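Grab a pencil and work through these exercises with the structure open in front of you. Try each task on your own before you read the solution below it.

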Amino acid sequence: MVTVVAATTSTLRARVHATLRHSDDSRSGRRWRAFHLLVLGSGLLAVAVSSVPSLPDTVEHLLAFVIALVAAVFLVEYALRLWSAPETLRYGGLSEGRARLAWALSATGLIGLLAVVPAFAITLRAIRADSDIAAIFCILWILKLSVHAPAMTTLARVISNERATLASVLIIFVIVLVAAATATHFFERSDQPDLFGDLPSSLWWAVVTLTTTGYGDIVPHTVGGRIVGSVVMVSGILVLALMTGILATGFAEEVRRREYLRVWDQVVKVPMFTELGTVTLSEIVGKLRVRYYPPRFVVVRRDEPGDSMFFISEGEVEVRLPRQPVRLGQGGFFGEMALLDRLPRSATIVTTRPTTLLVLYASDFYEIAAHIPSLVAAVEKEAHRRRQENEAGRMATDGAA
Ligand code: CMP
């Protein structure tokens, strides 16, 4: 009996933990994230508006209610995260109590707690929701978002991956900075002793100029100082361009790697792909994109131009044909006829339930046609059968008319 209860609890706890994880791709995970964003957005808006002085009483009450509601949602979330903390892989070796304590003391746990406490203080009228408190809220709630945003993890990984390259650019930045500050101090110190009389003031000017901010509060007057200033301004643009390039490339690579893994997870659910060898499969995985659709979503509209075809890895779609609709389930595909015949879409296609599709764009489809003829032959065979079926249906309709 005890074992059964423990097993059920553990399954429920594991499910809750998986849903709350920001990397969870399940439907409940995505729904939770959308809800969380909505709650957070409403909370931030309410806090921002509540900082406006002399609002009507009704508005103030409404805003206080929204803030309390948001805090209540965050409190429930905090409690659920604390309860499910032992499911975290990283705390695998710890007892339940220790795992919860470790989570509560982690950055996520502390930010989660801090996001709840001030809201209740406002609700209980221990403090007033004036503009200072509003600023604290905005910071705490935005921090909460940053902890759960996948982009932050991606950025941290990009910085870690590119640290050697970033460090070399930073070294160039520091060399230019110190050289420029020293040279300007040398040229300007007698002309403007207040502004360039010491190295820290010259360094401030160099930072403002090198980062292309240019407040204009300190300006070199001598010819030598202006020449140094020009060099610093151009160097600033170069250094920033280098940094941007490194981060943007690293970000794009990281996102591509993640998408690759996401596609792998879905590709294995489509028998057409699993029949191909691993090498061929890895070639096609790089060209597919995962898309999630809610029920009753029109994926393809009749007579519109077609630029892609779709494979169903989860869910179901309905092909709305003139005679009677056809349903396609997991492992099926559609949208191939427009690519093969280079004609507009022959039917409208709508999802019947939450559906995950793998999208293959026309340019990639034609490239694959050259490399993986077996896959395209199977697609062509099915398209041929569908054309014949549609033709037979049309003739039957015309005959009946
Ligand atoms: P396309 O013409 O690009 O867009 C509509 C899609 O509906 C079409 O490609 C096929 O993939 C699909 N389709 C058309 N006729 C049938 C059919 N008889 N059975 C199943 N799917 C079909």
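Helices here are DSSP runs of at least four residues, numbered from the N terminus. Keep in mind that this is a predicted model.

**Exercise 1. Place Met 233 and Thr 213**

Find which helix holds Met 233, then work out how Met 233 sits relative to Thr 213.

Solution.
- Step 1: Met 233 belongs to helix H11.
- Step 2: Check its cover. With a relative accessible area of 45%, Met 233 is partly exposed, because that class runs between the 20% limit for buried and the 50% limit for exposed.
- Step 3: Now go to Thr 213, in the loop between helix H10 (199-210) and helix H11 (223-267). Thr 213 is partly exposed too, at 43% relative accessibility.
- Step 4: Compare sequence and space. Thr 213 and Met 233 are 20 residues apart along the chain, and their C-alpha atoms are separated by 9.7 Å.
- Step 5: Try another partner. Ser 84 is 149 residues from Met 233 along the chain, with 53 Å between the C-alpha atoms.
- Step 6: Look at what the side chain of Thr 213 does: it makes a polar contact of 2.9 Å with the side chain of Thr 211.

**Exercise 2. Two sides of a helix**

Which residues of helix H4 (residues 96-105) are buried, and which are exposed on the other side?

Solution.
- Step 1: Pick out the buried ones: Ala 99, Trp 103 and Ala 104 in H4.
- Step 2: Ask how they are arranged. These residues lie on the same side of H4, because they cover an arc of only 135 degrees around the axis.
- Step 3: Bring in a general rule. An α-helix has 3.6 residues a turn, so residues three or four places apart point the same way.
- Step 4: Turn to the other side of H4, where Arg 98, Leu 101 and Leu 105 are exposed.

**Exercise 3. Positive phi without glycine**

Describe where Ser 54 sits and where Arg 296 sits, and say whether each is buried or exposed.

Solution.
- Step 1: Start with the backbone angle. Ser 54 is not a glycine, yet its phi is positive, at about 45 degrees.
- Step 2: Find its place: Ser 54 is in the loop between helix H2 (27-50) and helix H3 (57-84).
- Step 3: Ser 54 has 73% relative accessibility, so it counts as exposed, the limit being over 50%.
- Step 4: Repeat for Arg 296. This residue is not a glycine either, and its phi is positive at about 60 degrees.
- Step 5: Arg 296 is in the loop between E1 and strand E2 (298-300), and it is exposed, with a relative accessible area of 68%.

**Exercise 4. A buried threonine**

Is Thr 355 buried or exposed, and what does Thr 355 touch?

Solution.
- Step 1: Locate Thr 355 in strand E8 (residues 355-361).
- Step 2: Its relative accessible area is 1%, so Thr 355 is buried; the limit is under 20%.
- Step 3: Leave out residues up to four places away in sequence, and the residues that Thr 355 touches include Arg 291, Tyr 292, Tyr 293, Ile 312 and Val 317. Glu 316 is also one of them.
- Step 4: Zoom in on Glu 316, whose backbone oxygen lies 3.2 Å from a polar atom of the Thr 355 side chain.

**Exercise 5. Around the ligand**

Which residues come nearest to the ligand, and which elements give two or more residues to its shell?

Solution.
- Step 1: Of the 15 residues around the ligand, Gly 335, Glu 336, Arg 345, Ser 346 and Asn 390 come nearest.
- Step 2: Sort the shell by type: eight residues are nonpolar, three polar and four charged.
- Step 3: Look at oxygen atoms of the ligand. One is 3.0 Å from a polar backbone atom of Ala 338, and a polar side-chain atom of Arg 386 lies 3.1 Å from a ligand oxygen.
- Step 4: Check the cover. On its own the ligand has 450 Å² of accessible area, and the protein covers 99% of that.
- Step 5: Name the elements: helix H14 (336-341) and helix H16 (373-400) give two or more residues to the shell.

Key:
Residues numbered from 1 in each chain as written. Predicted model: local features only at pLDDT ≥ 70, side-chain atom pairs only at ≥ 80, totals over all residues. Heavy atoms only, no water. Near = heavy atom within 4 Å. Polar contact = N/O pair within 3.5 Å; in protein donor to acceptor, adjacent residues only side chain to side chain. Areas by Shrake-Rupley, 256 points an atom, 1.4 Å probe, with all protein chains shown as cover. Nonpolar A, V, L, I, M, F, W, Y, C, P; charged D, E, K, R; others polar. Buried < 20%, exposed > 50% of the residue type's maximum accessible area, 1.4 Å probe, protein only. Arc of directions from axis to C-beta. Contact = heavy atoms within 4.5 Å.
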